[in-house]
Amino acid sequence: MSGAERRAEIRDLLQVRPLSVAELAERYDVSESTIRRDLTRLSGAGEIVRTYGGALSPAGPDEQPLREREQLARAQKAAIAVAAESHVADCRLVLLDAGTTVGALAARLASRGGLTVATPGLTSIDILAGVPGIELIVLGGTVHQLSLGMVGPLAEAAVARLTADAVFLGADGVVAGQGICEARQEQVALKQLMINRSRDVYVLADSGKLGRAESHWWAAFDRSWTLITDTGATGAQLAPFTDDPLCTVELAAPGA
């Protein structure tokens with residue numbers, strides 16, 4: 001990876017959450033001095049804001065529209081989707097959350113048959129509608145414009161009437177021992193119900209989401225669950241999850 005490519009990726013990662021110099025140096029296997037020079041160039045161009053020991057996006061931690069998030073960590077999301085697909089083999093009905101990483105999984109499921117998919121996500125609905133061999137259940141409700149996912153009592157009522165072999169969830173952030181967070185209460189209410197109505201629980205989150213806790217609403221885990229993330233996650237990011245007795249961690253390598 002060239003320096004320009006690294007800086008472009010750093011800029012995109014900072015749109016997801018603030019990062020420290022040490023985290024970035026470990027992620028890219030370069031010296032902290034190299035990362036500081038990268039951050040200085042990005043800051044000088046007005047693309048990031050320097051902080052003590054790291055940097056953040058000038059846009060802050062507000063929720064991003066789905067079309068913007070689709071451009072972030074694309075290789076990582078594709079790798080996570082490949083790893084997640086292996087867990088669908090023995091499933092008859094799966095729940096797919098809204099979001100870009102889960103949408104990448106939906107694209108892979110489009111080539112499978114004999115599967116029922118229930119989802120509130122307009123991205124997954126657009127991918128899977130009319131696909132032979134896929135029975136698609138649309139969990140209707142009020143469309144959340146930023147995530148293009150449906151939320152609210154209508155979606156919750158639909159989920160309450162089914163049981164799934166597995167649920168695949170996205171999140172604004174995921175914190176070991178605390179759960180997954182989102183910007184709105186309606187989003188986590190639906191996620192929590194999807195967790196409760198599923199046999200197996202998978203969270204699909206690229207490494208930029210790990211430890212991120214800027215949002216204020218949480219869905220928690222009180223039983224075993226699996227985190228599928230990318231190999232860019234640092235040891236410090238992964239340690240709280242590997243130490244959590246309820247969590248199993250899977251790492252997906254982009255391009256593998």
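**Exercise 1. Pairing of β12 and β14**

Find out in which sense β12 and β14 pair, and over how many bridges.

*Solution.* Start with the two strands themselves: in this predicted model, β12 and β14 are joined by three bridges and pair in the parallel sense. Next, look for a facing pair of residues. Tyr-202 stands opposite Thr-226 in β14. Finally, recall the general background: strands of a sheet pair through backbone hydrogen bonds, either parallel or antiparallel.

**Exercise 2. From β12 to the other strands**

Follow the pairing from β12 to β9 and on to β4, then give the order of the strands in the sheet.

*Solution.* Step one: β9 and β12 run parallel and are joined by five bridges. Here Ala-164 stands opposite Ser-198 in β12. Step two: β9 (residues 164-169) is also joined to β4 (residues 93-96), by three bridges, and these strands run parallel too. In this pairing, Leu-95 stands opposite Val-167 in β9. Step three: put the strands in order. The open sheet has seven strands, β6-β5-β4-β9-β12-β14-β15, with parallel pairing. Its edge strands are β6 (134-138) and β15 (247-252), each of which pairs on one side only. From one strand to the next, the twist averages 20°.

**Exercise 3. Around the sheet**

Decide whether β12 is largely enclosed or not, and name the strands that helix α5 lies across.

*Solution.* Begin with burial. In β12, five of the seven residues are buried, so this strand is largely enclosed by the rest of the structure. Now turn to the helix: α5 (residues 74-85) lies across β9, β12 (198-204), β14 (225-230) and β15. The helix runs at about 145° to β14.

**Exercise 4. Two helices side by side**

Work out how α8 and α9 are oriented to each other, and which residues meet between them.

*Solution.* First take the geometry: the axes of α8 (residues 153-160) and α9 (residues 185-196) come within 10 Å and cross at roughly 5°. Angles under 35 degrees count as roughly parallel, and α8 and α9 are therefore roughly parallel to each other. Then list the partners. From α8 come Ala-155, Glu-156, Val-159 and Ala-160, which meet Glu-186, Ala-189, Leu-190, Leu-193 and Met-194 in α9. Sorted by class, this contact has seven nonpolar, no polar and two charged residues.

**Exercise 5. Cysteines**

State how many disulfides the structure holds, and explain why Cys-91 and Cys-247 are not bonded to their closest cysteines.

*Solution.* The count is zero disulfides. For Cys-91, the closest cysteine sulfur is that of Cys-247, and at 18 Å it is too far for a bond. For Cys-247, the closest cysteine sulfur is in Cys-181, 15 Å away, which is again too far for a bond. A disulfide would need the two sulfur atoms within 2.5 Å. Cys-91 is buried, with a relative accessible area of 7%, and Cys-247 is buried as well, at 9%.

**Exercise 6. Two charged residues**

Locate Arg-7 and Glu-135, and list their contacts beyond four places in sequence.

*Solution.* Arg-7 is found in helix α1 (residues 3-14). With a relative accessibility of 15%, Arg-7 counts as buried. Beyond its sequence neighbours, Arg-7 touches Asp-38, Arg-41 and Leu-42. Glu-135 lies in strand β6, where its contacts outside four places in sequence are Leu-115, Thr-116 and Val-117. As a last step, take a distance: from C-alpha to C-alpha, Glu-135 and Ala-78 are 23 Å apart, with their positions 57 residues apart in sequence.

Technical notes. Residues are numbered from 1 along each chain as its sequence is written. This is a predicted model: local features need pLDDT of at least 70, side-chain atom pairs count only at pLDDT 80 or more; totals for chains, interfaces and linings use all residues. Side-chain values use heavy atoms; hydrogens and water are left out. Two strands pair if DSSP finds at least two bridges between them. Helices (H or I, at least four residues) and strands (E, at least two) are DSSP runs, numbered from the N terminus. Axes are lines fitted to C-alpha atoms, for helices over the stretch in contact, and angles run from 0 to 180 degrees between N-to-C directions. Contact means heavy atoms within 4.5 Å. Angles under 35 degrees count as roughly parallel, over 145 as roughly antiparallel, 65 to 115 as roughly perpendicular and the rest as oblique. Ala, Val, Leu, Ile, Met, Phe, Trp, Tyr, Cys and Pro count as nonpolar, Asp, Glu, Lys and Arg as charged, and the others, Gly among them, as polar. Buried means under 20% relative accessible area, exposed over 50%, partly exposed in between (1.4 Å probe, protein chains only).
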